[in-house]
Amino acid sequence: MMDKAKLLQELLEKEKSGTLKAKDRLAIPAQDIPEQDAEARRRNVSEVALGYTEEQARIEALRCLQCRNTPCVEGCPVRIRIREFIGAVAAGDYRQALAIIKENSLLPAVCGRVCPQEVQCQEKCTVGRSLKDVSQAVSIGRLERFVADWAGSHNGSPQDAHRESGIPAVAPPTGMKVAIIGSGPGGIVAAADTRRAGHEVTVFEAFHKPGGVMVYGIPEFRLPKAIVRQEIETLRKMGVKIVTNFIVGRTRTIEQLMKEDGFEAVYIGVGAGLPSFMNIEGESLVGVYSANEYLTRANLMKAYQFGAGADTPIARSKKVAVVGGGNVAMDSARTAVRLGAEKVYLIYRRTEKEMPARVEEVHHAQQEGVEFHLLQNPKRIIGDANGSVTAIECLRYELGEPDASGRRRPVAIPGSEFQIEVDTVIIAIGNLSNPLIRQTTPGLEFNKWGNIVVDENCRTSMAGVFAGGDIVLGAATVILAMGQGRIAAAAMNEYLARKQGSRSE
Ligand SMILES: Cc1cc2nc3c(=O)[nH]c(=O)nc-3n(C[C@H](O)[C@H](O)[C@H](O)COP(=O)(O)OP(=O)(O)OC[C@H]3O[C@@H](n4cnc5c(N)ncnc54)[C@H](O)[C@@H]3O)c2cc1C
Ligand code: SF4
């Protein structure tokens with residue numbers, strides 16, 4: 001295979017002379033991202049995907065057809081000007097590429113790593129469609145990651161490397177106080193955008209570390225925590241106050257924050273952190289975890305250190321069953337592998353095609369030795385006399401007619417019960433919203449699933465109170481939470497400007 005540097009040079013020369021036609025671009029090989037070897041990474045928590053080299057990034061960017069109608073942008077929840085940023089990468093102008101991405105997305109190093117691009121921008125990409133294979137689409141996410149990482153290593157901060165100080169400019173003080181509840185991606189964006197308008201912003205976070213799911217849920221091997229820490233540091237440098245171990249609804253209520261503590265606008269971004277269970281026999285046995293608890297112990301409390309420096313260690317498991325087929329299930333299974341389990345089974349009641357997890361995570365889990373048990377679902381969990389898990393009993397399933405979600409409904413096959421010997425069961429079948437804010441905030445409207453009801457500007461039923469992310473959308477994605485944080489911040493800035501205006505009249 002041709003040397004990458006030579007290939008890039010040839011392509012650039014052709015482009016310069018105007019002879020790089022669409023058919024030539026379609027013939028450029030899609031660039032694979034270098035990864036840690038599957039066997040080696042089973043024994044460490046370092047990031048799996050290592051990122052494009054500069055040559056790879058520019059070759060990949062040259063695959064882009066620079067379509068006039070930009071279908072990729074249609075697939076992007078925050079409408080990044082994808083064609084233009086990829087054009088800048090192809091030209092080697094990474095600062096410009098970053099500036100374009102940051103017009104719409106504040107956390108490119110995060111989104112480049114965790115966004116489900118294959119069902120968003122890349123799904124619509126003309127290259128993938130022309131080659132009749134979505135995996136051959138231009139790797140927009142990997143290019144986004146490349147740009148953010150390049151900026152991080154060339155100017156200290158992936159956040160705002162294109163600015164001299166690396167810190168976004170903040171308007172003169174307005175004297176108005178904003179409370180952001182929850183420090184997930186939505187809260188971070190809402191805090192940054194309201195602070196930029198000159199308000200005094202405080203983020204209240206229930207956990208002892210800020211970052212939301214990006215810190216306690218998504219593991220280090222997919223999203224290095226240093227990236228999230230850097231984003232939080234930028235907020236601090238902008239003058240945002242971050243208060244941890246502060247549970248709104250317990251430490252202070254929203255009413256107290258607004259009526260007694262002087263906060264004039266509040267953003268609620270508390271996520272969907274309440275795990276769902278299956279309500280089957282044996283779920284309270286020792287060795288059964290919700291994915292939330294398991295991942296939080298592993299990520300936030302460093303359980304992978306097994307006692308040495310770990311705040312809340314996890315018992316060592318030999319055989320682990322993970323129930324579910326989403327990102328949370330993949331993260332749990334792959335974490336169990338790294339925590340030393342000999343066997344990790346992933347039990348999912350549909351087929352691989354219906355799995356909601358990112359395709360890349362499914363492949364990585366398989367490469368790392370996670371055994372997929374498809375068209376199966378637990379019926380009960382079995383324990384010994386000490387109340388510890390010894391096995392999981394499952395039923396086999398087949399697919400019936402499509403259900404409300406459009407996916408074919410799994411139907412249990414009667415009498416197909418069988419048992420798998422395990423000592424740990426991790427339930428990763430979804431999350432609901434925590435009822436604390438609902439119980440302590442009279443006047444705030446919720447829907448029947450416990451999500452806060454908002455209008456198109458993320459305004460809630462209470463004046464001055466805005467909400468976004470998973471607490472509004474149900475368990476969704478980082479980019480959607482970020483998008484709502486931005487919409488809410490714009491509405492909060494407008495609300496506060498009006499309030500200030502009416503005071504000075
Ligand atoms: C394991 C896992 C893997 C995931 N993988 C992906 C992925 O690959 N790609 C993707 O796009 N999405 C993924 N998601 C979903 C994504 O992380 C969420 O959609 C996103 O983080 C939601 O953001 P948010 O702003 O609503 O807040 P969250 O990230 O949910 O953070 C909310 C914060 O609020 C805090 N909080 C809660 N209640 C209170 C309170 N009363 N007072 C103060 N603070 C409070 C919580 O401690 C938390 O830190 C994953 C989720 C999980 C759990
Ligand atoms: S659809 Fe694909 S090829 Fe067209 S501009 Fe977007 S990324 Fe480039």
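Accessible area here comes from the Shrake-Rupley method with a 1.4 Å probe. By that yardstick, the protein chain in this predicted model exposes about 22000 Å², and carbon and sulfur atoms supply 51% of that area. As for what lies beneath the surface, buried residues account for 54% of the 505 residues in the chain.

The overall build comes next. The protein chain holds 21 helices and 16 strands. Its radius of gyration is 24 Å, close to the 23 Å that the globule rule gives for 505 residues, so the chain is as compact as a globular protein of that length. Laid along its principal axes, the C-alpha trace spans about 70 × 70 × 50 Å. Looking at contacts with a separation of 6 or more, 68% of them involve residues 24 or more positions apart. Then there is the matter of charge: the chain carries 63 positive and 60 negative charges, and the mean positions of these two sets are 2 Å apart.

Zooming in, helix H4 covers residues 54-62. Seven of its nine residues are buried, so helix H4 is largely enclosed by the rest of the structure. The buried ones are Gln56, Ala57, Arg58, Ile59, Glu60, Ala61 and Leu62.

Further along the chain sits a pair of strands, E11 (residues 389-402) and E12 (residues 408-412). They pair in the antiparallel sense, with four bridges between them. One of the residues involved is Pro402, whose bridge partner in E12 is Arg408. Together E11 and E12 form a hairpin, with five residues separating the two strands. In the turn of this hairpin, Gly406 has a positive phi of about 90°. A bit of background helps when looking at strands like these: in a regular strand, the side chains alternate between the two faces of the sheet.

One loop residue rounds off the tour. Asn245 is found in the loop between strand E3 (241-243) and helix H15 (254-259). Is Asn245 buried or exposed? The cut-off for exposed is over 50% relative accessible area, and Asn245 has a relative accessibility of 53%, so this residue counts as exposed. Asn245 still has company, though. Setting aside its neighbours within four places in sequence, Asn245 is in contact with Glu205, Ala206, Phe207, His208 and Thr251. Phe418 makes for another reference point: Asn245 and Phe418 are 173 residues apart in sequence, and their C-alpha atoms are 45 Å apart in space.

Note on methods: Residues numbered from 1 in each chain as written. Chains lettered and ligands numbered in written order. Predicted model: local features only at pLDDT ≥ 70, side-chain atom pairs only at ≥ 80, totals over all residues. Heavy atoms only, no water. Rg over C-alpha atoms; globule rule 2.2 N^0.38 Å. Buried < 20%, exposed > 50% of the residue type's maximum accessible area, 1.4 Å probe, protein only. Contact = heavy atoms within 4.5 Å. Lys, Arg positive; Asp, Glu negative; His and termini not counted. Charge placed at Lys NZ, Arg CZ, Asp CG, Glu CD. Pairing = 2+ DSSP bridges.
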